[in-house]
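Me: I should like to understand the reasoning behind some structural terms. Please explain each one with reference to the model shown here.

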Amino acid sequence: MRSWPALLLLLCLFSAGLDAQATGRTARPWTYWWWMGSAVNKTEIKRQLTLFAESGLGGVHIIPIYGAKGYEEQFLPFLSESWLEMAVYTVDEADKLNMGVDMTLGTGWPFGGPWVDADEGARRIVIDTLALVSGDAFRADAKAIASELDLQAVEAIFVTDGRRQYNLSPYLRTGGEGWTVPDGDWRAVIFGVRPTSQQVKRAAPGGEGLVVDYFDRSDVETYLAHFDSVFARMPSPPGVRAIYHDSYEVYGAQWTEDFARAFRRQRGYDPRASLPLLSDTYHRDRGPFLHDIRATLDELLYEAFARTWTAYGEEHGWLTRYQAHGSPGNILDLYALASVPETESFGCAEFGIPGLACDPDFEPETFGRPSILMTKFASSPAHLYGKPLVSSETGTWLGNHFRVSLRQVKPHIDQLFVGGVNHVFYHGTTYSPLDAGYPGWLFYASTNFGPTAHFYNELPLLNSYIERCQSALQSAAPDNDLLVYFPIHDLWSTADDDILLQLDVHHSEDWFEATPFGRTAADLLARGYAFDYLSDRQLQALTVGGGGTVSLRGANTYRGILVPATTYLPAATLDRLLALRRKGVPIIFQDRLPTQYPGLGGGKIPARRLAGLTAVSDVAAALEEAGIANEAIRTMGIDFIRKSTESGKRYFLTNLTGRFDRGYVSLSGDYQRVRLTDPLTGVVETVATQDSFYLELPPGKSMLVETGISAPSADTAIPLAATDTFAIGGLWRVTFRDTTGLELQASYTRDSLTSWTEWDDDLAFFSGKATYTTTFALDAAALGAGGYRLHIDEVYETAEAIINGKSVGTMWAFPNELIVPADLLREENELTIVVQNLSANYLRRYDREHPEWKNFYDINFVDITYQPFDAGSWPPSPSGLSGQVTLIRMADGG
């Protein structure tokens, strides 16, 4: 029984109201915060939270995981009284710092633990065979067979000689009557149930154990009831803002105790008689039967786990953050159940930004690449149901450890923004005590956003950028025009070898990119249409508004529905589409009409049901006829998300390509002004226009743009254009602030800028700050009114520029430009640039000399290829400044 002190701690942990989680906190980025071994204490919790707050974070997400060796005496078992005390303290201290706290409802992932018994764990159906002897009496005794084959249960049994087959399954339920084996080569085929025996992955002390059966409501409720036994007499609402479920990584589980009964209830027939189809890969009924199994698993996961877990959170006053991807079900429906649907930016996207490349060790065939179209699976239900927040696990395996720069992070966050994310979670930060030294405790699968990161001094710049963007995105409503039906029944009807069809956002090549649905979505994105995805279940809930529009719960209003080329369409879905069409909603079938109802009892769709329907090949023309326009800026290489405000439209624009730089652009709709906000600097310009306007958006840059129908009341900006360029040459004096024990020269003098790793053998191991200083002269005619920009060809990786003793900012993202106030320049000027490089070069030496820093349990510490981490063989990473430094004079371009 839990002691009263522990109960009092829980009352504290879950007693602060949701109001304490001020909405302003969500504009700032949050971070995953791994508690290694939960070896935490109050002094370190306060110190680290203070650093997080000072850097501009809005909250932390506590995830207990495995620990560091040598600290075992400090491990706090999950949910123990001492663990709860630290959790309570964290919530209290975070609130003082105006930060929020989320928490995984378990340790590691997926859900499970020591309180999950063997009969509550994940299960799978297996096929075993027994050789039979002619003339023997074979008894279909479920208990005896299960014992002999180490099965939890026997679902069905068939006997066959390869030509003939008899179903002995009825005897399993009548006491195991005997069957005399005829002459021939007979064998019994047993369809039984075994546990997957999967353990919680990366579990923390006190959280080790079996993964729960996600398809059994009773088992899920028992799992959650364990927390209720700890959270006894909990008042509402909780102090932690949200509970969390990671991506679905339950391996091999595709059965449950009540599966046959649930299947029969949903599909109308007993699946056990059709189980031989699982091993008959050429049978025509195999695909329809697999569809029915997969559809049943979808329904069980939705009802038994997702609804149960999200309802549990709601009942206790928590938000729920749910990573539905990877699930063997329609992830659109699963995401929709969460308060905050959460996607995942995993790996490195291949952008067209000059000077930006993925880590050479990154293996896209292993990880896949982040995608706007994958992000839409989480954001679409949020837009459809009016959920204000869409979150993302951000920066997972973006590059190898110690080799990720902020200029790599930003474009991936911009990609998330245009995909609909507005609540970024870094992946992430590890609780690391001071006495752990450098580089401290690190989690193997993340970008280090913690205090030992090489970019930590510059992290507030990224955090401020995200806050400006998310403030704008969170305070506007979705404004997408089109719903695109997700034909999951085509996927479920595919006769794949595996029963499970898991919708993995890391590898979507087969289930998404290679399908008509994926190709349609990619084409719509490339053409600049604003759209969301739609499931069968969501389609049924749509209501019709004026002008043939549709919405759900009064949220975002859509002007039409597009059905990509699909073969299988449920009768209920077809009925609903026809009903909406009769009410004036534009329903567009692309390329071909569906021909089949899905499932073993499906069959051909009667021609009369499709009477009057036509399929179009020219989707753009059909959308234009429906009054749905695209945004031409997308065809220029500019990605966007469009939202609506009371005064007009709000866009987040980002150039993730090398196709656009600057020029005149137009947006859809009517407007008389545009307001441009640079989220890097906060600088705002307002331009009076009814059509095109001048936009500077070189590769890597982003912009917030608002349109309004009323003319601006104040003076508007006139676009500036480059008029003169001054090369800053001469000699550079470079000094290094070394803290690593290298014996470096006092200073280096350079007449051209190249990577400092080429200057000196020792500099190939240097990581830290280097100061570049030079002087330059300007003619008096070049001084005066107007704007100036400082440009550097290549920066590895951040560069603060100081002109005549005054900082003009830090270059940490593309493009490598800073605004220089005109009144700061004189005829004779001093320029100082302080550069921070990656820590990878120092790790090349440190990892060879101190391999003992990698001292963690479980997977310990691996590199991006999941091999033991070894930085000693790395080549030097480019460092410092390279190329030309120029000063650009800007004047009215009007």
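Me: Which residue in strand 27 is the bridge partner of Pro478?

Reply: In this predicted model, Pro478 has Lys643 of strand 27 as its bridge partner.

Me: What makes strand 17 and strand 27 a pair?

Reply: Two strands count as paired if at least two bridges are found between them. Strand 17 and strand 27 (residues 639-644) are joined by two bridges, and therefore they meet this requirement. The two strands run antiparallel.

Me: Why is strand 17 called an edge strand?

Reply: Strand 17 (477-478) pairs on one side only, and so does strand 31 (684-688). These are the edge strands of an open sheet of six strands, in the order 17-27-28-33-30-31, with antiparallel pairing.

Me: How do you know that helix 12 packs on the sheet?

Reply: Contact requires heavy atoms within 4.5 Å. Helix 12 (residues 406-418) touches strand 27, strand 28 (649-654) and strand 33 (702-708). The direction of the helix makes about 145 degrees with that of strand 28.

Me: Why is strand 3 described as largely enclosed?

Reply: A residue is buried if its relative accessible area is under 20%. Five of the five residues of strand 3 (residues 100-104) are buried, so the strand is largely enclosed by the rest of the structure. Gly100, Asp102 and Thr104 point one way, while Val101 and Met103 point the other way. In a regular strand, side chains alternate between the two faces of the sheet.

Me: In what sense do strand 2 and strand 3 pair, and over how many bridges?

Reply: Strand 2 (residues 59-65) pairs with strand 3 in the parallel sense, over four bridges. In one bridge, His61 is partnered by Asp102 of strand 3.

Me: What makes a group of residues a nonpolar core, and which members of the largest one touch the most others?

Reply: The members must be buried residues of certain kinds, among them Leu, Phe and Tyr, joined through side-chain atoms within 4.5 Å. The largest core has 178 residues, and Leu105, Phe377, Tyr444, Leu462, Phe531 and Tyr533 touch the most other members. Helix 8 (residues 286-315) supplies the largest share of this core, 12 residues. Apart from it lies another core of 36 residues, including Phe736 and Trp759.

Me: How do you know whether the radius of gyration of the protein chain agrees with that of a compact globule?

Reply: For 894 residues, a compact globule would have a radius of gyration near 29 Å. The protein chain has 30 Å, and therefore the two agree. Of its residues, 60% are buried.

How values were computed. Residues numbered from 1 in each chain as written. Predicted model: local features only at pLDDT ≥ 70, side-chain atom pairs only at ≥ 80, totals over all residues. Heavy atoms only, no water. Axes fitted to C-alpha atoms, helices over the stretch in contact; angles between N-to-C directions. Rg over C-alpha atoms; globule rule 2.2 N^0.38 Å. Buried < 20%, exposed > 50% of the residue type's maximum accessible area, 1.4 Å probe, protein only.
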